Amino acid sequence: MSDALEKMFTSLFDNQVPGNWSRCAYPSLKPLGAWVKDLVERCQFIKNWVDNGTPAVFWISGFFFPQAFITGTLQNFARKVQVSIHTIGFDFAVLPGPLDEWQRIQKAPEDGCYIRGLFLEAAIWDVDKQQASECLKSISEDFCDE
């Protein structure tokens, strides 16, 4: 067994993404099982897009480089209204209602896009106030209770 094959075997045995796979894939800290599940979901999202046309809601965290998608959305709008892309920006709004609201959306907005899968770090979305808020409990408090 070659050195590269042995490293791959060890990674698979330890439920880690092999290095020669991760060098060619999207960045992720997930263990192998979750990484493969995520990869399948990403492929299904893209396949559905190809087979059924542009989706009404885009899975933003499923893109390898979401910044390019956002730039492309800005470019589409800039071309539509014939202005320089440097003169426009995004305005974000969170849809009110349950977390699965995106599943009921059947039609894309006239301008811009709907996205799902956006994550907040060190904050939560307060559904009642419709705003980002501080986390209810810090991670350090979880460890201190033990």
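Contacts between residues 24 or more positions apart make up 33% of those in the protein chain that have a separation of 6 or more, and I should say at once that this is a predicted model. The chain itself has 146 residues, of which 17% count as buried, and it exposes about 11,600 Å², with carbon and sulfur atoms supplying 58% of that area.

As for the fold, there are 5 helices and 4 strands, and along the sequence they come in the pattern α-α-α-β-α-β-β-β-α.

Let me turn to the salt bridges, of which the structure holds 7. One of them pairs Lys80 with Asp111, the side chains meeting at 2.6 Å from N to O. This pair links distant parts of the chain, since Lys80 lies in helix H4, residues 66–81, while Asp111 sits in the loop between H4 and strand E2, residues 114–116, and the two are 31 residues apart. Both ends are partly exposed, with Lys80 at 46% relative accessibility and Asp111 at 38%.

There is also a network, in which salt bridges that share partners join Lys30, Asp38 and Arg42. Within it, the closest N and O atoms of Lys30 and Asp38 are 3.6 Å apart; Lys30 is partly exposed, with a relative accessible area of 39%, whereas Asp38 has 8% and is therefore buried, the cut-off being under 20%.

Finally, Lys47 and Asp51 form a salt bridge whose closest N and O atoms are 2.5 Å apart. Because these residues are 4 positions apart in helix H3, residues 32–52, about one helical turn separates them, and Asp51 is partly exposed, with a relative accessible area of 49%.

Key:
Residues numbered from 1 in each chain as written. Predicted model: local features only at pLDDT ≥ 70, side-chain atom pairs only at ≥ 80, totals over all residues. Heavy atoms only, no water. Buried < 20%, exposed > 50% of the residue type's maximum accessible area, 1.4 Å probe, protein only. Contact = heavy atoms within 4.5 Å. Areas by Shrake-Rupley, 256 points an atom, 1.4 Å probe, with all protein chains shown as cover. Salt bridge = Lys/Arg side-chain N within 4 Å of Asp/Glu carboxyl O.
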